[in-house]
Amino acid sequence: GEASNMRANADLVLEAGLLKLVPYREEHVPLYHRWMQSEELLEATASEPLSLQEEYDMQRSWLEDENKCTFIVLDKAFPSDAGLPDHSAAMAGDVNLFFNDPDDTKVAEIEIMIAEERSRGRGLATQALRAMMYYAGTKLQCTKFVAKIGEANKASLALFQKLGFKQVNYSKIFKEVQEELDVTSELLDSLESTLELKYSQYDDS
């Protein structure tokens, strides 16, 4: 079922255009943890600051979570980070899928974070979302994407709308917009034609 599906993806690398998406691994935690000290990113992702040890525990729990799929976005414009496997690309952010709808296990909440300033404003978020959407629609049998975006996050709202998402809900309490996009064969065709997606296996060396 889906669980074995997620497992099969534990070593998957997706490459498209400017970026590579690699599974979120233990070796990525220190830099990820450094990102998450930023007030701006904590607010944008509605997260609490964690200790480094808590961040390691969180990474492990995400890896084991049947309903969560997390990839680190690597930016090919920069060399690999010191001490990390050489992917000829540097950590820039992350992209997530959560299959957390109890009524429909084929619906995925999708979110993106480009944490590194130098990697912003170059279309990485768009490409990462497109790659993730295509992958989820073709390999994980996902039928619908949901994005929950803080109303103040204008860039993110514009990004999801550009990808075809439509607003379905607004939460006054959370000041959050919910947008959705159905997976159709037209969507997958248009993603495929713009992506040139390559799959490979994660190499720790």
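This report looks at helix α7 and at how helices α5 and α6 meet in a predicted model.

## The two sides of α7

Let's start with helix α7, which covers residues 185–195. Four of its leucines, L187, L188, L191 and L195, are buried. Look down the axis of α7 and these buried residues fall within an arc of 95 degrees, so they line one face of the helix. A bit of background helps here: an α-helix has 3.6 residues a turn, so residues three or four places apart point the same way.

Now flip to the other side of α7. There you'll find E186 and S193, and both are exposed.

## What α7 packs against

So what do the buried residues of α7 pack against? Their partners are β1 (12–16), α5 (124–139) and β8 (176–182). Just after α7 comes E196, and its phi is positive, near 50 degrees.

## Where α5 meets α6

Helix α5 has another partner to look at: α6, made of residues 154–162. Two packed helices are described by the angle between their axes and the distance between the axes. For α5 and α6, the axes come within 11 Å and cross at roughly 45 degrees. That angle is why α5 counts as oblique to α6. The crossing is right-handed.

Which residues make the contact? On the α5 side they are A125, T126 and L129, while α6 brings in L159, F160 and K162. Sorted by class, this contact has four nonpolar residues, one polar and one charged.

Terms used: Residues numbered from 1 in each chain as written. Predicted model: local features only at pLDDT ≥ 70, side-chain atom pairs only at ≥ 80, totals over all residues. Heavy atoms only, no water. Buried < 20%, exposed > 50% of the residue type's maximum accessible area, 1.4 Å probe, protein only. Helix = DSSP H or I, 4+ residues; strand = E, 2+ residues; numbered from the N terminus. Arc of directions from axis to C-beta. Contact = heavy atoms within 4.5 Å. Axes fitted to C-alpha atoms, helices over the stretch in contact; angles between N-to-C directions. Parallel < 35°, antiparallel > 145°, perpendicular 65-115°, else oblique. Left-handed = near helix turned anticlockwise from the far one by under 90°. Nonpolar A, V, L, I, M, F, W, Y, C, P; charged D, E, K, R; others polar.
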